[in-house]
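User: I'd like to learn how to read a structural model feature by feature. Could you walk me through one?

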Amino acid sequence: EQPIFSTRAHVFQIDPNTKKNWVPTSKHAVTVSYFYDSTRNVYRIISLDGSKAIINSTITPNMTFTKTSQKFGQWADSRANTVYGLGFSSEHHLSKFAEKFQEFKEAARLAKEKSQEKMELTSTPSQESAGGDIQSPLTPESINGTDDERAMPEVTQNSEPRAEPTQNALPFTHSSTINKHWEAELATLKGNNAKLTAALLESTANVKQWKQQLAAYQEEAERLHKRVTELECVSSQANAVHTHKTELNQTIQELETTLKKKEEEIEGLKQEIENARELQAQRDSLTQKLQEVEIRNKDLEGQLSDLEQRLEKSQNEQEAFRNNLKTLLEILDGKIFELTELRDNLAKLIECS
C-alpha cells in the first residue's frame, strides 16, 4: 500500500452506547491518509496515533462522506460498525478531503464493476463448454455437480470397468502380503531356535561344572566335621583355662569402660574450655559492634532530624502546590463549563440547520 493523499485532523468516533455523542480518539490533530493497495485494488483511510491505529476504514461504493459543519465531516463504516468524524482546521481542508473521498469512492466502484465483469467473462466460457461437452472435467458441473446430480448422484458407465481391475487385484496383493509375513515369521523362528540351542549347550556345560563344585564342597564339609570333633575333645581340657580367661576378660572390659568414661569427661572439659574461649571472643566482638552501632545510631538520629526538617518543608511546599492546583482546577472547571455550553449551543444550531 502507498499513501496517495494526507491531511491533518482531529479524529472522533460515535459513542457505541448512545450513538449520539462524539468520543475523541486523538488528543491532538493527527495525520489522516488515503492508501491504495494495488494488488487488491482497494482504497483505505488510515490514521495512526503513535503506534495505535485509530482509523482503518476500507472505502466501498456505498459509503457517503457528509459535511455536518464548515470544519467537520463524517462517514459510516459498516465493517467496523462505527461512524468516524474528522475536525479540520479550515473549510478548505474539509472540502479537499471530501473531494478525494468522492474520487476514491468512484474508483472503488469502477474497480468493483471491472472485477465483476472479469468474473462474468470467466464464467461464460465455462458455461458454454458445459453445454457442448457434458463429460469435460473442466466445467463447474463436472467439479461440483448440478443441482440434480448433487441431489441424486449416479455412477457413469466409464467408472464401472475401471473399478473391476482394482477389485480383482486385491486378492493377489493380499496373498503376497501374507506370504511375506509368514517368511518373516519363519526367519524369526529359525533365529530363536539357534539362540535356544546355544543356550542349551551352555546350560549343559554349567551343570557339569556345578556337579564338580558340589563334590568339592562335600569333601570340604567332611574335613571340617572331623576337625570339629577333635576340637570338642580338646575343649573339655580347656574349660578351666577358659573360665579364668573369661574372668580376666570381664575385668579388662570394666577397666576399659572406666577409662572411656574418664576420657569422655576430659573431652567434655576441653570442649567447655573451647566454648568459653569462643564466648569470650564473641563477647569482645559484640562489645565492639555495639559501640559501632551506638556511633551509627547517633549519625542516624542526626540524619533523621535533618530528614524530618526536609519532610516538613516538603509538606509545606506540597500544601502550597495543592492550593495552586485547586485554583487551577477551579479555573479549568469554569473553562470546561463554558466549552460545554458552547458545544451545546453548536449542537442546537446544527439540529436547527
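Analyst: Happy to; we will go from the overall fold to the core, a polar contact, salt bridges and the surface. Please keep in mind that this is a predicted model.

User: Let's start with the overall layout. How many helices and strands does the protein chain have, and what pattern do they follow along the sequence?

Analyst: The protein chain has five helices and eight strands. Along the sequence the pattern is β-β-β-β-β-β-β-β-α-α-α-α-α. Helix α1 spans residues 91-132, helix α4 covers residues 159-235, and helix α5 runs over residues 239-352.

User: What share of the 353 residues is buried?

Analyst: Buried residues account for 14% of the 353. The accessible area of the protein chain is about 29200 Å², with 56% of it supplied by carbon and sulfur atoms.

User: And how should I think about contacts between distant parts of the sequence?

Analyst: A handy way is to ask how far apart in sequence the contacting residues are. Among contacts with a separation of 6 or more in the protein chain, 44% join residues 24 or more positions apart. For a single pair, take Leu346 in helix α5. Leu346 and Ser69 are 277 residues apart in sequence, yet their C-alpha atoms are 9.8 Å apart in space.

User: Now the core. Which residues touch the most other members of the largest nonpolar core?

Analyst: First the general idea: in soluble globular proteins, nonpolar side chains tend to be buried together. Here the largest nonpolar core has 23 residues, and Tyr34, Ile45, Ile55, Trp75, Leu86 and Phe97 touch the most other members. At least two residues each come from β1 (2-14), β3 (30-37), β4, β5 (52-58), β8 (82-87) and α1. Helix α1 gives the largest share, six residues.

User: Which residues does Tyr34 contact, leaving aside its neighbours within four places in sequence?

Analyst: Among them are Gln2, Pro3, Ile4 and Phe5, then Arg44, Ile45 and Ile59. The list also includes Phe97, Lys100, Phe101 and Phe104.

User: What about a polar residue such as Ser47: is Ser47 buried or exposed?

Analyst: Ser47, in strand β4 (residues 42-49), counts as buried because its relative accessible area is 0%. A polar atom of the Ser47 side chain lies 3.0 Å from the backbone oxygen of Thr31. Beyond its neighbours within four places in sequence, Ser47 contacts Val11, Val30, Thr31, Val32, Lys52, Ala53, Ile54 and Ile55.

User: How many salt bridges are there?

Analyst: The idea is that side chains of opposite charge can pair when their charged atoms come close. Nine salt bridges are counted here. One of them pairs Asp37 with Arg40, with the closest N and O atoms 2.9 Å apart. The two partners sit in contrasting surroundings: Asp37 is buried at 9% relative accessible area, whereas Arg40 is exposed at 56%.

User: How are Lys100 and Glu103 placed in helix α1?

Analyst: Lys100 and Glu103 are three residues apart in helix α1, so about one helical turn separates them. Their side chains form a salt bridge with an N to O distance of 3.8 Å. Lys100 is buried at 18% relative accessibility, and Glu103 is partly exposed at 44%. Recall that Lys100 is also one of the contacts of Tyr34.

User: Where else can I find a salt bridge across about one helical turn?

Analyst: Look at Arg223 and Glu220, which are three residues apart in helix α4 and so about one turn from each other. In their salt bridge the closest N and O atoms are 2.3 Å apart. Both are partly exposed, Arg223 with 47% relative accessible area and Glu220 with 35%. Salt bridges may also share partners, as in the network that joins Glu106, Arg109 and Glu113.

User: Last one, the surface. Which residues form the nonpolar patch?

Analyst: The patch is made of Phe321, Leu325, Leu328, Leu329, Ile331, Leu332 and Ile336, and together they have about 660 Å² of accessible area. Take Leu332 as an example: this residue lies in helix α5 and is partly exposed at 45% relative accessibility. Leu346, which we met earlier in helix α5, is likewise partly exposed, at 46%.

Definitions and conventions: Residues numbered from 1 in each chain as written. Predicted model: local features only at pLDDT ≥ 70, side-chain atom pairs only at ≥ 80, totals over all residues. Heavy atoms only, no water. Salt bridge = Lys/Arg side-chain N within 4 Å of Asp/Glu carboxyl O. Buried < 20%, exposed > 50% of the residue type's maximum accessible area, 1.4 Å probe, protein only. Helix = DSSP H or I, 4+ residues; strand = E, 2+ residues; numbered from the N terminus. Patch = residues over 30% accessible without salt bridge, like charges linked within 9 Å, V, L, I, M, F, W, Y side chains within 5 Å. Areas by Shrake-Rupley, 256 points an atom, 1.4 Å probe, with all protein chains shown as cover. Polar contact = N/O pair within 3.5 Å; in protein donor to acceptor, adjacent residues only side chain to side chain. Contact = heavy atoms within 4.5 Å. Core = buried A, V, L, I, M, F, W, Y, C linked by side-chain atoms within 4.5 Å.
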